[in-house]
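Student: I would like to go through this model with you, beginning with its charged pairs. Could we take it step by step?
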Amino acid sequence: MGSKYTKRYTEEFERDAIALVDSSGKTVTAVARELGISSESLRGWYRQAKADRGCGQGGELTSAEREELRRLRKENREQQQTIEVLKKATAFFVKENDR
């Protein structure tokens, strides 16, 4: 089972770790072991950095695209809530008008 708390690393640390993988010729697992971090964390950072540079696998989103998708989903959620409120208000006023 995983830890209850997720450890956060600075962007600078992540960039340096990715650069170390690129420059050292070592595997992601070896670099992660040297740095004392999870190899899965470093692998994710490395994969995202490659996608941001346009070198990722097909279908992978860049960080900017992920952020836009997150923003659009939030906006969509808010609009759906507004629509629900308006539907309820319409039903209320129709009911009041029928009295």
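Student: How many salt bridges does the count come to?
Tutor: This is a predicted model, and the count for it comes to seven salt bridges.

Student: Let us take Glu11. Which residue does Glu11 form a salt bridge with?
Tutor: The partner of Glu11 is Arg15, and the closest N and O atoms of the pair are 4.0 Å apart.

Student: Where do Glu11 and Arg15 lie?
Tutor: Both are in helix 1, which covers residues 11-24. Glu11 and Arg15 are four residues apart there, about one turn of the helix.

Student: Is Glu11 buried or exposed?
Tutor: Glu11 is exposed, and Arg15 is exposed as well.

Student: What about Asp22, which residue does it pair with?
Tutor: Asp22 forms a salt bridge with Arg53, with 3.6 Å between the closest N and O atoms. Asp22 belongs to helix 1, whereas Arg53 sits in the loop between helix 3 (39-52) and helix 4 (63-97), so this salt bridge ties together parts that are 31 residues apart in sequence.

Student: Why does Asp22 count as partly exposed?
Tutor: Because its relative accessibility is 40%, and partly exposed covers the range between 20% and 50%. Arg53 also counts as partly exposed, at 45% relative accessibility.

Student: And Glu75, what is its salt-bridge partner?
Tutor: Glu75 forms a salt bridge with Arg71, and their closest N and O atoms are 3.4 Å apart. The two residues are four apart in helix 4, so about one helical turn separates them. Glu75 is partly exposed, with a relative accessible area of 33%, and Arg71 is partly exposed at 44% relative accessibility.

Student: Let us change topic to helix packing. At what angle do the axes of helix 1 and helix 2 cross?
Tutor: They cross at roughly 130° and come within 10 Å of each other; helix 2 comprises residues 28-35. Helix 1 is therefore oblique to helix 2.

Student: Is that crossing left-handed or right-handed?
Tutor: Helix 1 passes helix 2 in a right-handed crossing.

Student: Which residues meet there?
Tutor: From helix 1 the residues are Phe13, Ala17, Leu20, Val21 and Ser24, and they meet Val28, Val31 and Leu35 of helix 2. The residues of this contact between helix 1 and helix 2 comprise seven nonpolar, one polar and no charged.

Student: How do helix 1 and helix 3 pack, at what angle?
Tutor: The angle is about 80°, and the axes of helix 1 and helix 3 are 10 Å apart. The two helices are therefore roughly perpendicular to each other.

Student: Which residues make the contact?
Tutor: Helix 1 contributes Phe13, Glu14, Ala17, Ile18, Val21 and Asp22, while helix 3 contributes Leu42, Trp45, Tyr46 and Ala49. The residues of the contact of helix 1 with helix 3 divide into eight nonpolar, no polar and two charged.

Student: One last residue, Glu40. In which helix is Glu40 found?
Tutor: Glu40 is found in helix 3. At 55% relative accessibility, Glu40 counts as exposed.

Student: What separates the C-alpha atoms of Glu40 and Thr29?
Tutor: A distance of 8.2 Å separates them, and the two residues are eleven residues apart along the chain.

Key. Residues are numbered from 1 along each chain as its sequence is written. This is a predicted model: local features need pLDDT of at least 70, side-chain atom pairs count only at pLDDT 80 or more; totals for chains, interfaces and linings use all residues. Side-chain values use heavy atoms; hydrogens and water are left out. A salt bridge is a side-chain nitrogen of Lys or Arg within 4 Å of a carboxyl oxygen of Asp or Glu. Buried means under 20% relative accessible area, exposed over 50%, partly exposed in between (1.4 Å probe, protein chains only). Axes are lines fitted to C-alpha atoms, for helices over the stretch in contact, and angles run from 0 to 180 degrees between N-to-C directions. Angles under 35 degrees count as roughly parallel, over 145 as roughly antiparallel, 65 to 115 as roughly perpendicular and the rest as oblique. A crossing is left-handed if the near helix is turned anticlockwise from the far one by less than a right angle, and right-handed if clockwise. Contact means heavy atoms within 4.5 Å. Ala, Val, Leu, Ile, Met, Phe, Trp, Tyr, Cys and Pro count as nonpolar, Asp, Glu, Lys and Arg as charged, and the others, Gly among them, as polar.
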